[in-house]
Amino acid sequence: MPLSMVLLIVNASLSYINYSSQRAQFEHARIASETQSRRFAAEVITQLGVHLETSANLIPNLTDVHSAIADGDKAALQRYYQRYWSALHLNSGLEQVLFFKPDGQLFASWKDDAMQVDEFALSALVRQVIAEEQPQRLLACAETCLYYYIIPVLDNGRSVAAVAVAASLVDTVLSFQRMTGSDMALAILAPHFGNSASDDSRQTQVPALKSRVLAISGGQDSLDILRNIPAGNSVADHRINVTYHDHYYEILPVSVLSGTLTVGKPSMLVIFDRTRNLQHLHSVAWQSVGIGLLGLIISELILLALLWIPMRRLKHTAETLPLLGRGEFETVRSRLEKPRRKDTVHDELDTLDASALDLADRLEDLQEKNHSHSNELDELVRQLSRERDFVSGLLDTAQMLIVTQDRQGRILMANAYVLALTGFDYMELRGAKLTDYFSQPQQAIDTRNELTALLQSDGASLRQETALRCKNGDSRDVVWIHSSLGAENTDDAAILSVGLDITELHRVEKQASYLTEYDPLTGLYNRHRFQEALQEILSHTEAQPSGALIYLDLDEFKSLNDTTGHGAADQVLHAVASQLQGLLPTPALIGRLGGDDFGVFFSHLDAPHAMQLARHIQHSLSKITLAEVPLSHKVSACIGITLFPEHGTVAQELLANADLALFRAKESGRGNLHLYAPDEGLMERVLNRVYWVDKIEQALADNEFELYFQPIMSLSSNTVSHYEALVRMRNLTGDLYMPMEFIGIAETTGLIRGIDRLVLQKAIAALTELQRKSPNIKLSVNLSGRSFSNPRWLELLQTELADSQINPASLIFEITETAAVEDLALARALMEKIIALGCAFSLDDFGVGFASFEYLKQLPVEYVKIDGSFIRNLVTNTDDQLFVKALVQAAHGFGKKTVAEFVENAETVALLREYGVDYAQGYHIGRPDPVFGWPALPPQHPLSAS
């Protein structure tokens with residue numbers, strides 16, 4: 001009996017499943033057709049909207065139409081109506097083209113005279129379009145349905161009018177019928193029914209829906225189907241069933257432009273004929289019932305004969321198998337293993353029991369493995385969560401602009417730094433184009449073209465610099481790296497854009513460019529730019545037949561700087577610069593040539609007038625009084641004068657002779673002036689300078705400079721810690737010139753820059769070779785004051801360090817007080833940049849100047865080299881001993897290490913060690929030796945005290 005019930009149920013189930021399957025297929029086909037109909041309905045309307053958008057954007061760009069719209073010229077627009085309306089109406093299907101003023105008033109239209117315009121609804125929407133500068137849509141239905149697309153007309157970046165284009169939805173009904181094969185009706189809610197309506201209107205009414213049909217495919221049959229809709233239905237988003245002439249129909253209302261402003265409450269009604277589908281379904285149902293009954297009878301007879309006994313065993317096994325799902329594996333084994341058969345014949349039920357037992361073993365093993373895998377999966381999920389949180393936090397904390405874009409250039413993601421930098425919130429940026437926020441329109445156009453090309457390339461990237469517009473109107477300079485992500489889906493991120501804000505860098509670069517030509521304190525030309533400008537003036541000999549160069553050096557300025565501080569000294573320099581700028585006649589050129597040196601060049605000035613003007617300058621300077629300058633200090637200057645072309649035809653020669661004349665003036669005492677005269681013996685100095693300039697230039701060209709290296713010993717460990725590189729110049733006969741013979745001329749002529757460059761290259765090359773044997777060794781290199789005014793010197797150092805791969809910490813630069821204080825701010829800035837590379841500085845000749853301790857506080861040096869004048873007689877001179885002790889205490893107080901030079905005996909070494917000096921250098925430690933004759937004393941080896 002149970003098996004019969006099973007067979008009955010199985011056959012009934014199969015019949016029901018067959019019927020259900022057919023019904024499900026029917027329902028699936030119905031849903032698919034409805035979904036397709038909705039999609040096609042939306043598609044035809046979307047295509048109409050796209051067409052209207054294209055037309056709306058085209059019309060203001062027609063020849064002369066844009067200016068007529070912007071000017072509100074109705075007459076001109078009416079002339080263009082004759083030119084364009086036929087093409088727009090017939091080819092584009094437009095029913096209306098309306099032109100509105102900014103206040104929403106209709107001032108011109110292109111349409112048939114019988115076509116009505118809903119000005120009230122359009123006027124309010126037009127004002128919104130012009131205010132928001134965003135296009136809007138309107139669906140207005142009365143006697144017919146018109147789809148309006150309204151855009152603002154921009155002129156010089158502001159909205160000056162609006163254009164609305166309209167097309168009828170009637171054609172969409174026919175387009176839908178061609179696409180789907182189903183009929184469609186376009187209807188609107190009718191305010192009145194019955195006899196009050198016209199005859200034509202009553203014929204198109206659908207009483208059950210209280211609607212009136214504006215357009216319908218399928219003719220009168222489709223209209224009759226709608227008129228037979230039972231009462232009680234309404235136009236809603238669900239199916240309506242209709243039986244008409246023994247046919248079964250389904251009416252599917254489809255919304256029209258959901259989310260768009262509408263007038264008239266329109267709807268689309270799709271008509272499906274389901275008659276054949278239902279007839280087929282009923283036939284399948286009766287066939288399934290008949291086949292099921294026949295199968296049941298046959299199954300009962302066969303199974304009753306064959307399966308009575310096996311079914312009992314099968315029932316036992318079937319009752320046991322669910323225990324596997326509950327994990328009761330031991331119970332399964334006990335129930336299936338007990339009823340053992342003694343015969344040797346095994347049937348399928350025995351196999352089933354054996355399989356169930358084997359399955360129990362396997363499931364138990366899988367359960368254990370699953371538990372282990374679950375634990376591993378949980379740990380992996382936690383790890384992925386941590387990584388996701390890390391990446392998310394990294395994007396939001398990175399001080400870089402990170403943006404992802406789709407293939408159309410629309411922003412998909414922007415990190416927190418983008419929002420903070422631009423001031424826009426995420427919703428404002430989401431979906432917008434990144435190029436719309438570029439301040440320069442041409443940059444935006446070029447970038448869009450380049451990004452399009454980038455998407456078509458394989459794994460490429462694009463680097464560019466653009467100006468990014470912020471919400472507050474500011475503009476930021478950003479360097480972008482755009483990388484293609486290779487996305488195929490249009491909704492996925494296709495471009496990764498990473499940007500770096502370099503606005504501050506540009507500002508610093510402009511300031512640095514200014515400092516290379518101008519003195520930051522006075523705003524005058526610096527020496528380098530003054531010489532260039534003077535050479536430019538002298539080069540135009542026809543317009544510049546004569547002139548005079550007045551070279552000023554302020555008296556006792558260094559003393560003023562040391563006693564009153566930089567504030568008072570800076571005020572004096574400001575006042576002197578102001579006096580020079582106010583001179584009459586007006587100077588052709590003014591510059592600050594050094595710490596307290598000024599140069600003034602006058603055109604068309606002879607010797608008597610130059611002398612008279614120089615005295616006038618001295619007189620005007622003596623009248624300078626400043627609050628921070630002591631009354632005892634009178635501002636005065638020594639002046640050297642040279643004439644053009646008598647005393648020089650090039651700027652360098654004129655400056656050199658003026659410098660010599662200034663030297664003669666300073667020999668006579670403060671407040672003196674001197675006119676250069678070749679017959680006073682100054683020419684010999686000039687010739688001597690020219691001689692050395694030629695030799696230095698020739699030595700630079702022939703690479704005749706060599707480096708000698710002198711060891712510097714650590715007094716605490718008694719070992720060599722580093723070496724000082726000393727430059728020598730070799731002549732044609734093979735003799736060597738010492739630095740004191742040529743360095744002074746090289747500094748005054750600017751050739752020292754070439755020497756500095758050559759010394760740096762040779763020193764780094766030697767240090768590279770030396771560190772192969774002694775990796776921890778350091779090298780000290782002298783740096784001239786001209787290097788501080790050379791804007792390319794830092795770039796040269798960076799290049800040499802990168803090429804050599806040495807440790808920058810092994811390189812020490814020695815500078816003198818004189819070199820550092822020519823422009824203290826510039827020197828400190830350059831030193832800080834070099835220190836940032838890893839190098840260190842040593843202050844040479846410490847203790848000679850009055851302001852040594854002030855410079856020690858201001859300059860970022862690591863080592864202080866005590867001048868040799870205090871070391872030579874240290875053993876016998878008590879004054880030197882007291883002074884050296886004070887210098888060491890002061891240097892250590894500022895955290896600096898001390899180096900004593902000119903150490904020539906063991907007694908001096910003992911005193912220096914007693915005073916706490918850190919390092920010693922001199923002939924007693926080791927003499928300078930060339931590179932190819934490396935000193936016998938190796939680094940890090942103890943030095944003999946003898």
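**Figure 1. Phe272, tucked away at 5% relative accessibility.** With a relative accessibility of just that 5%, Phe272 counts as buried, since the cut-off for buried is under 20%. Like everything shown in these panels, this comes from a predicted model. Phe272 is part of strand S12, which covers residues 266–273. Its contacts, leaving out residues up to four places away in sequence, are Ser33, Glu34, Ser37, Ser182, Tyr248, Tyr249, Glu250 and Leu252. Take Tyr248 from that set: it sits 24 residues from Phe272 along the chain, and the two C-alpha atoms are 8.7 Å apart.

**Figure 2. The whole chain, for orientation.** The protein chain has 946 residues, and 45% of them count as buried. Its secondary structure adds up to 30 helices and 32 strands. If you look at contacts between residues at least 6 apart in sequence, 61% join residues at least 24 apart.

**Figure 3. The largest nonpolar core, with Phe813 in the picture.** This core holds 73 residues. Which of them touch the most other members? They are Ile696, Phe705, Phe742, Leu811, Phe813, Ile834 and Leu912. Helix H24 (residues 752–771) gives the core its largest share, 10 residues. There is also a second, separate core of 52 residues, and Tyr81, Phe107, Trp110 and Val173 are among its members. Back at Phe813, the contacts beyond four places in sequence are Leu760, Val781, Leu783, Trp793, Leu797, Ile834, Cys839, Ala840, Phe841 and Ser842. As a general backdrop, nonpolar side chains in soluble globular proteins tend to be buried together.

**Figure 4. Helices H25 and H27, side by side.** H25 (residues 793–804) and H27 (residues 824–837) pack at about 10 degrees, and their axes are 11 Å apart. That angle makes H25 roughly parallel to H27. On the H25 side, the residues in the contact are Trp793, Leu794, Leu797, Gln798 and Leu801. They meet Leu830, Lys833, Ile834 and Leu837 of H27. Sorted by class, the contact has seven nonpolar residues, one polar and one charged. Trp793, Leu797 and Ile834 are also on the contact list of Phe813.

**Figure 5. Helix H5 and its buried face.** Thr172, Val173 and Phe176 are buried in H5 (residues 170–180). Do these buried residues line one face or opposite faces of the helix? Looking down the axis, they fall within an arc of 105 degrees, so they line one face. The rule of thumb is that an α-helix has 3.6 residues a turn, so residues three or four places apart point the same way. Val173 also belongs to the second core of 52 residues. After H5 comes Gly181, with a positive phi near 80 degrees.

**Figure 6. Helix H30 and what covers it.** The buried residues here are Thr908, Val909, Leu911, Leu912 and Tyr915. Viewed down the H30 axis they stay within an arc of 165 degrees, so they too line one face of the helix. Their cover includes strand S23 (705–714), helix H29 (878–893), S30 and strand S31 (919–920). Leu912 turns up as well among the residues that touch the most other members of the largest core.

**Figure 7. Two loop residues with positive phi.** Most residues other than glycine have a negative phi, and most peptide bonds are trans. Glu133 has a positive phi near 55 degrees without being a glycine. You'll find Glu133 in the loop between helix H4 (119–132) and strand S3 (136–141), and it is partly exposed, with a relative accessible area of 35%. Phe902, again not a glycine, has a positive phi of about 60 degrees. Phe902 is in the loop between strand S30 (897–900) and helix H30 (906–915), and its relative accessible area of 36% makes it partly exposed.

**Figure 8. Two cis peptide bonds, each leading into a proline.** From Leu584 to Pro585 the bond is cis, with omega near 0 degrees. Pro585 is in the loop between helix H19 (566–581) and strand S19 (589–592). From Phe644 to Pro645 the bond is cis too, with omega near 10 degrees. Pro645 belongs to the loop between strand S21 (637–644) and helix H21 (651–667).

**Figure 9. Gly671, in the loop between H21 and strand S22 (673–675)**. Gly671 counts as partly exposed, at 32% relative accessibility. Neighbours within four places aside, it contacts Asp555, Gln618, Ser636, Ala637 and Cys638. Gly671 and Val635 are 36 residues apart in sequence, with their C-alpha atoms 9.1 Å apart in space.

Methods
Residues are numbered from 1 along each chain as its sequence is written. This is a predicted model: local features need pLDDT of at least 70, side-chain atom pairs count only at pLDDT 80 or more; totals for chains, interfaces and linings use all residues. Side-chain values use heavy atoms; hydrogens and water are left out. Axes are lines fitted to C-alpha atoms, for helices over the stretch in contact, and angles run from 0 to 180 degrees between N-to-C directions. Helices (H or I, at least four residues) and strands (E, at least two) are DSSP runs, numbered from the N terminus. Angles under 35 degrees count as roughly parallel, over 145 as roughly antiparallel, 65 to 115 as roughly perpendicular and the rest as oblique. Contact means heavy atoms within 4.5 Å. Ala, Val, Leu, Ile, Met, Phe, Trp, Tyr, Cys and Pro count as nonpolar, Asp, Glu, Lys and Arg as charged, and the others, Gly among them, as polar. Buried means under 20% relative accessible area, exposed over 50%, partly exposed in between (1.4 Å probe, protein chains only). The arc is that of the directions from the helix axis to the C-beta atoms. A nonpolar core is a set of buried Ala, Val, Leu, Ile, Met, Phe, Trp, Tyr and Cys residues joined through side-chain atoms within 4.5 Å.
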